[in-house]
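Reader: I should like to learn how to read the features of a structure such as this one. Would you guide me through it?

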Amino acid sequence: MFLFRIALRNVLRQYGRTSLSMISIIVGVAIIIMGRGFVGGSRENIVRAQIDSVSGHVLAVPRDYPTSGARHPVDNLLELDEATRAWLDANTEAWTTRTVFAPRIVKGSDAIRGRAFGFDPERDESVFPRRDWRVTGEIPATAEDGVLISRGVGRVLDVEPGDHLFLQVRTSDGAINALDLPVSGVVATGNPMIDRIGLFVPQPLVEKLVVTRNRFSHLAIRLADRDDSPRFAKELETRFAGAASVKTWREETQDLIDLQQIRQTAMDLLALAIMAIAATGIANTVLMAAHERVREIGTLRAMGLDRRGVVGLFVLEGLVMGSVGGLLGALLGGGYNYKLSVDGIDLSSFVEAAGSGGIYDSIPMSSMLYTESSLALAAGAALVGLLVAVLSSVYPAVIAARLPPAEAMRAE
Amino acid sequence: MSICELRDATKTYGSGAAAVHALDKVSLAFEPGEFTAISGPSGSGKTTLLNLVGLLDVPTSGSVSITEQAAAGLGSRALARLRAQNIGFVFQSFNLVPVLTATENVEMALHLAGTAGDRRKLAEEALAAVGLGEMLKRKPAELSGGQQQRVAVARALVKKPAVVIADEPTANLDSTTGGQILDLMRQMNDERKATFIFSTHDPMVMARARRVIALHDGQVAGDEVREPAAGGSGGA
Ligand SMILES: Nc1ncnc2c1ncn2[C@@H]1O[C@H](COP(=O)(O)OP(=O)(O)O)[C@@H](O)[C@H]1O
Ligand SMILES: [Mg+2]
């Protein structure tokens with residue numbers, strides 16, 4: 001108890017020196033929290049964007065459908081019988097079908113290869129929410145309405161709502177088809193994977209373009225609880241009897257999650273480096289304190305404090321610095337992280353930049369990033385800070401304890 | 001029964017040609033109630049002797065015992081325990097813990113000695129006894145040198161040790177204040193039979209001692225008892 005009093009007062013007395021060490025602990029702890037919050041938030045953001053714009057909770061595609069890349073074959077499509085439709089109605093929160101194909105979009109002398117999402121005008125929104133969409137013009141519903149193009153397509157081809165463009169496709173029979181179509185609207189979905197070369201084509205128009213005959217390439221399902229996905233996916237797969245390959249959102253996003261893991265590690269390494277600086281600072285502070293207080297140590301030893309007590313005295317100083325630093329770091333980092341978890345970070349400018357190419361074209365994400373925030377995260381980070389401070393004061397404390405008590409008499 | 005005994009105690013620093021015999025086969029016994037000055041010029045071995053008696057250091061050869069317990073072979077923990085309970089120290093530069101108040105400094109000694117009871121009250125009484133009843137809450141930096149040394153005396157005596165060791169307790173004080181500290185120590189010796197062994201090379205200080213041991217080059221050059229030990233029947 002006396003040792004704690006001495007330690008506390010010494011830390012307070014050496015305010016300037018100890019606050020330097022504490023600042024590094026504060027920064028380290030805050031970075032752990034913010035880094036983990038950001039990466040965890042990104043992971044959830046990517047998973048959400050994937051679910052909300054591409055995969056739903058469970059996604060069925062034709063067997064042997066390419067798992068990556070820009071190839072979207074339409075020669076082997078799926079279909080649903082009445083019984084399966086009824087079963088889907090009964091067992092899902094919502095479901096919809098899509099046909100993804102890769103048309104050549106032509107405007108005058110310019111042409112690009114796009115990625116078209118043929119969607120069911122009635123069902124699509126129930127599985128793929130449009131809350132982040134910003135639309136100029138109209139979302140098409142009939143074959144006459146035409147197509148909804150992404151902002152990227154609009155920019156590259158210089159097209160606005162009301163303009164016309166040509167869509168060249170291969171039909172499901174392998175024939176070549178082309179139609180002159182009006183642009184009903186331009187959309188920014190907030191997901192760079194769609195916003196660069198994507199366009200939305202209403203189902204009746206897909207029928208005319210690709211000749212799908214009520215068939216489709218993607219069946220996407222939303223469940224009440226996304227954790228039910230594996231079980232549901234299995235059942236759906238048996239219903240398709242081998243015709244379809246069924247994946248859960250988790251399987252669909254695994255690669256992206258792995259990528260996030262790498263970011264997480266990078267963040268943790270940064271925090272570790274800062275903690276190493278903090279540890280050096282604390283060790284140095286405690287060592288200086290020990291050097292300055294040789295006579296005090298000797299006096300306490302003469303009065304009967306044993307070596308363990310001396311170690312305790314200086315480790316307590318580390319403990320005081322660590323708890324103050326850890327607590328402040330958790331308050332600052334955790335507080336700010338919490339704010340970002342509620343208000344979100346607006347990534348739209350970043351997403352737009354990413355929309356011009358690079359790997360982000362293949363990563364789904366939403367323009368609002370909400371960080372991951374939890375009490376456990378803040379407490380864990382504070383504990384790491386405390387531990388670093390305590391451990392780094394052990395060595396100088398042991399050095400101090402080795403001092404012979406006779407020094408008390410000698411030191412002047 | 002002697003409180004403290006040295007037998008052929010030798011302390012050598014360094015080895016070979018560079019060896020310094022700070023103490024050379026010194027045999028001494030101290031009785032309860034003594035008020036003993038160790039005198040001698042600088043470098044004669046006073047501090048070394050007090051370090052051995054105070055169990056802060058161990059002899060190179062020979063033996064030290066305190067209240068009949070041999071210190072030889074004891075580990076640093078056991079020695080710390082013996083010091084905490086049996087030995088009080090007063091240092092030349094006062095050596096109070098700067099971040100603790102006067103009361104806390106005294107209380108700390110009781111804490112380390114493992115004294116039960118109301119330690120705060122005992123500490124305040126000890127400070128009142130050295131004339132500092134009004135300065136309980138002051139930090140060392142807010143006290144004069146003489147006042148700090150009074151706190152140190154209270155701190156040494158509060159646990160009722162077998163012996164108080166004081167290495168040049170007046171050397172950092174002016175002669176008036178030094179004289180007052182020595183008067184205080186002598187008063188505690190007269191009234192409470194507290195045993196003191198202190199070093200000095202000040203003749204004024206030596207004049208107040210009941211016994212004077214003269215050291216020269218690490219050897220006892222004289223041992224004169226001027227007055228019998230206080231109380232005769234035992235220490236405080
Ligand atoms: N730690 C030490 N290492 C080497 N020599 C020492 C040490 N301590 C004391 N001495 C030597 O031992 C002798 C006695 O010293 P000391 O006991 O301090 O004398 P005093 O207290 O009477 O001045 C001196 O010659 C001194 O230089
Ligand atoms: Mg000396």
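Author: Certainly. Helices here are DSSP runs of H or I with at least four residues, numbered from the N terminus. Please note also that the model is predicted.

Reader: With that in mind, which helix of chain B gives the most to the shell around ligand 1?

Author: That is helix 1 of chain B, with three residues. Strand 2 (20–30) of chain B likewise supplies at least two residues of this shell. By class, the shell comprises four nonpolar, six polar and two charged residues.

Reader: Why is the site of ligand 1 described as shared between chains?

Author: The site is shared because residues from chains A and B surround ligand 1. Among them are A:Arg410, B:Tyr13 and B:Lys46.

Reader: Which side-chain atoms lie 2.7 Å or 2.5 Å from an oxygen atom of ligand 1?

Author: A polar side-chain atom of B:Thr47 is at 2.7 Å, and an N or O atom in the side chain of B:Thr48 is at 2.5 Å. On its own, ligand 1 has 560 Å² of accessible area, of which the protein covers 65%.

Reader: How is the contact between the two chains to be described?

Author: The size of an interface is often given as the accessible area lost when the parts come together. Here chain B and chain A bury about 2,700 Å² between them, with 60% of it on carbon and sulfur atoms. Chain B contributes 35 residues to the contact and chain A 25 residues.

Reader: How many salt bridges are there between chain B and chain A?

Author: There are three salt bridges between these chains. In one salt bridge, the side chains of A:Arg9 and B:Glu104 meet at 2.6 Å, N to O.

Note on methods. Residues numbered from 1 in each chain as written. Chains lettered and ligands numbered in written order. Predicted model: local features only at pLDDT ≥ 70, side-chain atom pairs only at ≥ 80, totals over all residues. Heavy atoms only, no water. Contact = heavy atoms within 4.5 Å. Buried area = accessible area lost by both parts, 1.4 Å probe. Salt bridge = Lys/Arg side-chain N within 4 Å of Asp/Glu carboxyl O. Near = heavy atom within 4 Å. Polar contact = N/O pair within 3.5 Å; in protein donor to acceptor, adjacent residues only side chain to side chain. Areas by Shrake-Rupley, 256 points an atom, 1.4 Å probe, with all protein chains shown as cover. Nonpolar A, V, L, I, M, F, W, Y, C, P; charged D, E, K, R; others polar.
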